[in-house]
Amino acid sequence: MLTYLVVLAIALLALVVAIINYRSVRRGKSGTKEMEELSKTIRGGANIFMITEFKTIGITVGIVAVLFTLFIEVTSGLTFVLGAMMSSAACVFGMKAATFANVKTTNTARETKSISKTVRTALRGGSVSGLSVQAFGLFGLVILLLVTGGVKLDATSTGVLLNLKCNPYIMRLTTYSLGCSLVAMFNRVAGGNYTKAADISADILGKIRNDLPEDDSRVPNTIADFIGDLVNDIAGNCSDLLESFVATVVAAILIAASTFQSLGEAATEKLFTSMVEFPVLIAGIGLISCVIGIAVVLKITGSSGNPSKTLDLATYISAGAVSIGSVVCSAVMFLETPNPNFKLGWISPAVCIVLGLLSGVAIGKITEYYTSFSFRPVKDLAKMSLEGEAFVVTKGDAIGSKSCLAPILVIVVSLLIAGGVSGIYGIAIAALGMLSFVATTVSVDAFGPIADNAGGIAEACHLDSDVRKITDQLDAVGNTTAAIGKGFAIGSAAFATVSLIFAYVGSYSMAAVPVLNIASFVVIGGALVGGALIEFFSAKLTDNTIESARKMAVEGDRQMTKEVIEGKAKPDYNRLVEMATQEALHRMLFPSLLALLVPVFCGILFGVEFVGGMLIGATVVAVPRAIFMGNSGGAFDNAKKFVEGGFLKGHGKGSAAHKATVTGDTIGDTRKDVVGVALDIFIKMMSTVANTLAPIFSSFRLF
């Protein structure tokens, strides 16, 4: 229990730091009266969306929690609610900070004309999101472990009405993770629909139909677009990576429990305790490393005028501290309790942690290569705009497809090495290594939408061009960090899902090593269904977003009268904000519940092996598709920025080449910010549902 108390103290410390940073951001000046009014409008719209969304989430969580208590395990409903509460708290806190940090960042640029000080403001605001993600996720998990007394193998419990026996300690962990997953799915689906419907309709009206500057306040959809950036890229991303982080820690604990008894004479109680507590301890070490990394960078930012180097430094400090801490933790936990599966002895888990860290950094760098206009792929894509829209789209698709191989090879090599060094447990630990510094990753990622909003506010409030020049530099860096963040989310999801699949098979398999017979027609049938389900889910999200964007474009076009275009009247921003909210919430329920309900029905009808096959099929299809969606969308976006920045001589804003890249960006918007980011949650949520309900699936099936 000492381990859990130490980690709890770390989580509380991180939350205190997050609160201090939040208060610091709020105390900053908001600038002119016009900037303050626009900031209040954005903040009010974001609050309305979140309040309305969480009413739906609350009802859904309540219903599912009651079902778990009645039919699965008596306390599982409470732990499910706890997970949902921790995820909700992180995204709400992060969102609140971002809605203040955006205008404070703009004003810092306006008053100081200093890139380094502006970076400091944006990163401080983003750090509230990052620290909240890891701290809230870990806080809820440790409280659960402390209250229930950790993990025990020989316990059984049932629901209030249904007498299907399960291990209550395992069930509480999986339902806690599932609560986080459900909130993440709702946030990503609703947030993606909101932001891209607003963004696409604003681009169509402003850039294509009326040749207006980006973020021009005469376009009615602009304010909804500002709000959408925060709804999806802050709140959605917070709940997404919190869910990945929690799912990975839980998967490591489940694998420790399922593989422990196969260790023979080495299977002592002390070793079991070490295997269960090690993932939690590493998560805590990772969190304190992030606190140090962020604090150091915020302290020295004033001496650096390069935003990219500043953000990279935060990542490197955090990752380096985790690497050192992992060696110490491995020695403390396993030096005197050897595990026969550890081929390199007590240091094996540390090797897996470092492997995961390196994989995360490598995937980020690969993503940067394919999505940043500093490198050849995006430059070539921008040049293709001279040939027209069809060439842009075709070239962007090719870039997206090419970008799949390298990150998947990184994941596969890491899986093979981690498995060879420490067995299945090592794979889960490697996944945790990638996510151990997630607080810094989210902080850097949140920098992007805050900088994007800051630039939009500068444009909409007609500030001096030198202010917009600073915010544009931050926005360009933010685009790259956002693309890297999406690549990181997908890579971590792949690791986490593989770990969850191992845990799922181990939960019902009686073999020493979990085995799923992929030559079985039942497993193959499940795999085909899983792959097809990914395609259906992707199509549904795309259809919903495009239909919402069409409706918002029609309404925006209606409002863009001659008086509005000439600046003599203001459009009805609130009408578009309300429409974006209604459309997003109306269309989020069905795709969100697919990941929850499909494994349930398939497991009850066809059994555990069919669901195992379905998880494999979904993962194999979803991972490359998510990478394709994210990287092609990022390349389209930055190709547009390349042209807008004047790097394609003679073809700036308003040219035919620019409009061709805008078309590509419009296509890429739905890919990278709706489908790609939701696929990783989809496969994790299905795997978590499967782990939660494995006792039911293994007890009976109808066919």
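This is a tour of selections to make in the viewer, with a note on what is found at each stop.

The model is predicted: local features need pLDDT of at least 70, side-chain atom pairs count only at pLDDT 80 or more, and totals for chains, interfaces and linings use all residues. Residues are numbered from 1 along each chain as its sequence is written, and side-chain values use heavy atoms, with hydrogens and water left out.

**Stop 1: helix α3**

Select residues 76-112, which make up α3. Helices (H or I, at least four residues) and strands (E, at least two) are DSSP runs, numbered from the N terminus. The 37 residues of α3 reach 53 Å from first C-alpha to last, close to the 54 Å expected at 1.5 Å a residue; the expected span is 1.5 Å times one less than the number of residues. Centre on Ala101, where α3 bends by about 25°. The bend at a residue is the angle between axes fitted to the seven residues ending there and the seven starting there. Now colour α3 by burial: 28 of its 37 residues are buried. Buried means under 20% relative accessible area, exposed over 50%, and partly exposed in between (1.4 Å probe, protein chains only).

**Stop 2: two loop residues**

Move to Lys113, just after α3. Lys113 sits in the loop between α3 and α4 (115-148) and has a positive phi of about 55° although it is not a glycine. Its relative accessibility is 39%, so Lys113 counts as partly exposed.

Next, select His462, in the loop between α13 and α14. Phi of His462 is also positive, near 60°, in a residue other than glycine. With 59% relative accessibility, His462 counts as exposed.

**Stop 3: the largest pocket**

Rolling a probe the size of a water molecule over the atoms shows where empty space is left. On a 1 Å grid over the protein atoms alone, a cavity is a set of points where a 1.4 Å probe fits but cannot get out, and a pocket is an open set with protein on both sides within 12 Å along at least five of seven lines; lining residues have an atom within 4 Å of a point. Grid points are joined across faces, edges and corners, and a volume is the space filled by probe spheres set on the points.

The largest pocket holds about 960 Å³ of space. To find it, select Ser308, Ala476, Val477, Thr480 and Thr481, the closest to its centre of the 41 lining residues. Which helix gives the most to this lining? The answer is α14, with 11 residues. Helices supplying at least two residues each include α8 (307-334), α9 (348-371) and α13 (438-460). The lining divides into 14 nonpolar, 14 polar and 13 charged residues. Here Ala, Val, Leu, Ile, Met, Phe, Trp, Tyr, Cys and Pro count as nonpolar, Asp, Glu, Lys and Arg as charged, and the others, Gly among them, as polar.

**Stop 4: the largest cavity**

A search of the whole structure finds five cavities of 30 Å³ or more. About 360 Å³ of space lies in the largest cavity. Select Lys196, Asp452, Asn479, Asp637 and Lys672, which lie nearest its centre among 28 lining residues. Of the lining, 18 residues are charged, six polar and four nonpolar. α5 (168-209) and α6 (222-260) are among the helices that each supply at least two of these residues.

**Stop 5: salt bridges**

Side chains of opposite charge can pair when their charged atoms come close. A salt bridge is a side-chain nitrogen of Lys or Arg within 4 Å of a carboxyl oxygen of Asp or Glu, and the structure holds 29 of them.

Keep Asp637 and Lys672 selected. Their closest N and O atoms are 3.7 Å apart. This pair links Asp637 in helix α19 to Lys672 in helix α20 (residues 656-699), 35 residues apart, and both residues are buried.

Add Asp669, which forms a salt bridge with Lys672 at 3.8 Å. Being three residues apart in helix α20, the two are separated by about one helical turn. Asp669 is buried, at 1% relative accessibility. A network of salt bridges links these three residues with others, including Lys196 and Asp665.

Finish at Arg625 and Glu535, a salt bridge with its closest N and O atoms 3.1 Å apart. Arg625 lies in α19 and Glu535 in α15 (residues 521-559), so the pair ties together parts 90 residues apart in sequence. Arg625 is partly exposed, at 26%, and Glu535 is partly exposed as well, at 35%.
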